[in-house]
Structures are given as C-alpha cells and as structure tokens.
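User: I keep meeting words like "buried", "paired" and "salt bridge" in class. Can you show me how they get earned on a real example?

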Amino acid sequence: MNIQIPRGTQDILPGEVELWQYIEEKAKDVCRRYNYHEIRTPIFEHTDLFQRGVGDTTDIVQKEMYTFTDRGNRSLTLRPEGTAAVVRSYVEKKMYGQPNQPTKLFYTGPMFRYERPQSGRMRQFVQFGVEALGSQDPAIDAEVLALVMGLYEELGLKNVKLVLNSLGDKDSREAHRQALIDHFRPSINEFCDDCQSRLEKNPLRILDCKKDREHPLMNNAPSILDYLNEESSTYFSQVKNYLDRLGIAYVVDPTLVRGLDYYYHTAFEIMSEGEGFGAITTLCGGGRYTGLVEEIGGPSTPGIGFAFSIERVIMALKAQEQAIPAAPQLDCYLVSLGDAAKEKTVELLYQLRRAGISADKDYLDKKMKAQFKAADRLQARFTAILGDDELSQGKINVKEMETGEQSEIDLASFIDYIKGKTVGGK
C-alpha cells in the first residue's frame with residue numbers, strides 16, 4: 001500500500017528544519033526583548049469560537065475551515081488562525097485581571113485552511129503571531145509594527161514594505177459602509193456571487209475581492225480615509241508620528257482591507273518587493289481590533305496583533321538568496337576498532353552527551369574507513385579513534401578534522417579534553 005502525504009501538507013526534513021528553528025528562535029528572542037510571552041493553545045477549538053470571533057462573512061469561515069463532529073456530537077474545528085484562540089484563552093483564564101497590563105503574548109504553531117495549495121500557501125502551515133491586549137495607546141500599535149519590522153531586518157530580509165491604512169472607529173466604519181453600499185449597489189450584478197452577498201453584510205470586503213479587482217468601480221470606490229471622524233483621524237496621525245520617530249518607513253494605502261471582521265483603526269500588511277518571490281507578495285498582516293474579547297464573553301478590551309506564515313518568510317529569504325544558517329556541526333564522532341573498544345565507545349558516547357557535547361558513533365559495524373567517511377559527512381569537529389590496543393593502554397587518539405592535527409589523550413581525561421575544545425572553548 002503506497003500511502004502519500006495529504007495534499008497541501010509537507011514534510012520538513014533534517015537539513016531544512018534547521019532554518020525553521022533559526023527563524024522561530026530569532027522570533028522568540030525579539031519577543032523576549034519586547035517583553036512578549038509565549039502562549040500555546042489547542043490545535044482544535046469549538047467551531048463557534050471561529051464563527052463568532054473570525055466572522056461568519058469571511059472566506060475562512062465560509063469556505064476554508066476544517067470542521068468535524070467528535071464522538072460527543074460536538075462541532076470542532078482545526079484552528080485556521082491564532083487570534084481567536086488566544087483571545088478565548090485570555091478571557092477564560094481572566095488574564096485581563098492580572099496586574100501587568102497590557103497583556104503581551106506571542107504564539108507559533110500549525111494552522112489549517114482548506115484552499116488551493118500553491119507556492120508558500122499550504123493547507124497546513126506554520127504561523128507566528130503576536131497579540132497585545134488591553135491598551136488603546138497608539139504607541140503600542142507602533143511597538144507591534146517595530147517588533148515585526150525589526151524581526152524581518154534581523155533575519156536579513158530586504159526589500160520589504162510596510163503598508164498602512166486606518167479602518168476608523170465604529171462611527172467612521174458605518175459611514176464608510178453606507179457609502180460603499182451606495183457606490184456598488186447600482187452595478188452589483190456585474191460582480192461575483194461572493195461580492196453580491198457581501199454588499200449588505202460586509203461591503204468593505206468587496207474591496208478585497210481577487211476576482212473583481214479590475215472592475216472600474218474598484219478604482220473610484222469611496223476611501224475610508226475620507227470618512228474618518230476627528231478621533232479616528234487623530235489616532236491614525238499619532239500612529240504615523242510614532243513610526244516617523246522610530247525611523248520606520250511606511251506607505252499609506254486607503255484600499256488596504258484585512259479579511260477578518262474584527263479590525264478597526266490601524267490595519268497593515270508587510271509586502272516583499274524582492275525579485276523572484278512570486279505573485280502573492282504579502283508576508284504579514286495584522287491590525288487593531290475591538291469587540292472580539294466581548295464577543296467571546298470578556299470585558300470591553302482593545303487589542304492589536306499580527307501573524308505571518310514561516311513558509312513565506314523562507315520563500316522570501318530564498319528568493320533574495322539570503323545566506324541560510326548551516327546545520328550545527330557534530331562536536332565529536334567516535335570510531336572504534338575491536339569488540340572491547342566498541343563496548344567502551346558506548347560508555348564514552350553517553351558521558352560526552354551528559355557533558356553537553358553533541359556526539360555520535362557507528363551502529364552498523366562499518367569498517368574503520370567507512371566510519372571516518374561518516375564523521376566527514378556529519379561534519380564532526382573531532383574524531384576520536386579507540387582500538388582494543390589503545391583501550392588496554394588507557395589512551396585514545398583525537399583528530400581535529402579541520403586541521404588534521406592528531407593527539408593521543410589519556411582516556412581518563414578524554415571527556416574533559418573534548419569539553420574544553422567544544423562546550424568550554426567555543
């Protein structure tokens with residue numbers, strides 16, 4: 001029986017997974033410096049969480065969710081995004097009552113969306129995201145943007161562009177919503193079925209339609225920036241002012257629309273302008289949201305966050321031919337010759353690893369020449385050779401692979417010698 005991997009998923013093998021680990025560790029380190037703390041939520045949640053939290057007019061809820069009924073006849077869904085689950089935990093665990101506010105969290109893990117697989121867009125993908133809950137200060141909008149732009153810079157990504165928009169507060173959005181309905185209604189029959197259903201429910205999302213993006217009415221649709229009230233306009237100006245003070249470049253795009261229903265005020269995307277990246281240029285998206293915490297049963301709480309898929313970061317790094325961190329070298333490879341020496345290397349290998357040294361040995365009874373070849377393939381820094389004769393003399397030969405220098409070491413001091421050359425002498 002030939003069983004293959006499901007469509008839209010991938011195996012990440014040794015040699016490639018180290019790049020994933022590098023990106024994840026770099027992201028965690030940046031979050032540590034910004035005082036964001038990790039949260040881990042379940043891979044599946046009650047379906048109602050996403051229907052209420054993400055919005056029942058979104059493509060995610062209507063078309064893309066992996067939903068199933070468990071043996072207790074409960075409807076569950078593999079998480080399609082991270083924000084709703086984080087907010088559910090925030091409410092359920094009453095994090096809003098903790099003394100240190102705002103609550104600043106980050107997460108990483110697999111998400112699931114049923115859509116046509118393509119380069120950099122999988123049905124199971126790994127997402128990294130940040131959420132800051134409990135502050136209405138425009139400065140935290142700038143902080144979140146500084147965090148992700150700084151992370152991309154530290155990863156070595158070039159030619160990235162921050163695109164900003166304001167979706168305004170509730171009053172501004174309602175005024176803009178009515179203007180969009182009046183604008184599109186006379187010709188709505190010329191639009192796709194999705195846009196026709198969105199006209200009354202969520203006309204803002206018509207602007208995000210991929211099928212009708214070339215329709216003439218898209219070019220002169222009412223701009224949200226023309227409908228911002230004084231409070232919303234002031235808020236957006238403050239966000240831009242903070243970004244200017246931090247030296248973070250941005251472009252304002254009044255047509256930028258996020259795909260989820262809970263966004264208001266600041267919305268943003270980060271695009272890759274590098275050659276060879278592909279047609280879908282968005283690396284990251286996010287923005288400020290309101291009403292989500294209340295929808296899930298918590299107190300009125302503002303929030304802001306972003307998310308990006310690690311797959312797309314890797315695509316961007318490879319497209320610009322960014323130097324990728326090499327897999328870590330093995331510190332020591334043990335080569336044995338003779339039955340007694342083979343038994344001793346099992347003991348030595350254990351002691352090396354206990355001392356914090358990465359080490360390995362042959363388990364296939366290879367000849368000595370083949371064992372040396374294995375040490376070369378593993379890029380071992382040192383190869384230690386032990387034969388029955390050396391064992392009887394209490395000695396072991398250690399070869400530094402880069403220089404070829406070889407030394408005879410007392411077996412009793414071997415572990416400390418390697419430790420001084422690797423763990424203690426890096």
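Analyst: Let's start with pairing: two strands pair if DSSP finds at least two bridges between them. Keep in mind that this is a predicted model. With that rule in hand, look at phenylalanine 268, whose bridge partner in β10 is glycine 286.

User: How do you know that β9 and β10 pair, and in which sense?

Analyst: Count the bridges. Strand β9 (residues 263-272) and β10 are joined over six bridges in the antiparallel sense, and the rule asks for at least two. So they pair by that rule. Another contact to look for is methionine 271, which stands opposite threonine 282 in β10.

User: What other strands does β10 pair with?

Analyst: β10 also has strand β11 (residues 303-309), again antiparallel and over six bridges. There, glycine 286 stands opposite phenylalanine 306 in β11. And β9 has another partner too: seven bridges join it to β7, running antiparallel. One spot to check is asparagine 165, which stands opposite alanine 267 in β9.

User: Why is β9 called largely enclosed?

Analyst: A residue is buried when its relative accessible area is under 20%. In β9, ten of the ten residues are buried, so the strand is largely enclosed by the rest of the structure. β10 (residues 282-289) gets that description as well, because seven of its eight residues are buried.

User: What makes helix α11 "mostly covered"?

Analyst: It's the same kind of tally. Helix α11 (residues 310-319) has eight of its ten residues buried. Among them are Ile310, Val313 and Leu317, and charged names such as Glu311 and Arg312 are on that list too.

User: Why is aspartate 365 called exposed, but isoleucine 43 just partly exposed?

Analyst: Exposed means over 50%, and partly exposed sits between that and 20%. Aspartate 365 has 57% relative accessibility, so it counts as exposed. Isoleucine 43 has 37%, so it counts as partly exposed. For orientation, aspartate 365 is in the loop between β13 (359-361) and α13 (368-377), while isoleucine 43 is in the loop between β1 (37-38) and β2 (44-46).

User: What makes glutamate 154 and arginine 33 a salt bridge?

Analyst: The cut-off is a side-chain nitrogen of Lys or Arg within 4 Å of a carboxyl oxygen of Asp or Glu. For glutamate 154 and arginine 33, the N to O distance is 2.9 Å, so the pair passes that test. Glutamate 154 lies in helix α5 and arginine 33 in helix α1 (residues 17-33), so the bridge ties together parts that are 121 residues apart in sequence. Glutamate 154 is partly exposed, at 33%, and so is arginine 33, at 43%.

User: How do you know that arginine 381 and aspartate 331 still qualify?

Analyst: Their closest N and O atoms are 3.7 Å apart. The limit is 4 Å, so they're in. Arginine 381 lies in the loop between α13 and β14 (382-387) and aspartate 331 in the loop between α11 and β12 (332-337), so parts 50 residues apart in sequence get tied together. Arginine 381 counts as partly exposed at 25%, whereas aspartate 331 counts as buried at 5%.

User: Which residues are joined into one network by salt bridges?

Analyst: Salt bridges that share partners link Lys26, Asp29, Arg32, Arg33 and Glu154 into one network. Over the whole structure, a search finds 22 salt bridges.

User: What makes asparagine 159 worth pointing out?

Analyst: Look at the sign of its phi. Most residues other than glycine have a negative phi. Asparagine 159 isn't a glycine, yet its phi is positive, near 55 degrees. You'll find asparagine 159 in the loop between α5 (138-155) and β7 (160-166). Aspartate 365 also has a positive phi, of about 55 degrees, without being a glycine.

User: And why is the bond between glutamine 101 and proline 102 called cis?

Analyst: Check the omega angle: for the peptide bond joining glutamine 101 and proline 102, omega is about 0 degrees, and the bond is cis. Most peptide bonds are trans. Proline 102 is in the loop between α4 (83-92) and β5 (103-112).

Notes
Residues are numbered from 1 along each chain as its sequence is written. This is a predicted model: local features need pLDDT of at least 70, side-chain atom pairs count only at pLDDT 80 or more; totals for chains, interfaces and linings use all residues. Side-chain values use heavy atoms; hydrogens and water are left out. Buried means under 20% relative accessible area, exposed over 50%, partly exposed in between (1.4 Å probe, protein chains only). Helices (H or I, at least four residues) and strands (E, at least two) are DSSP runs, numbered from the N terminus.
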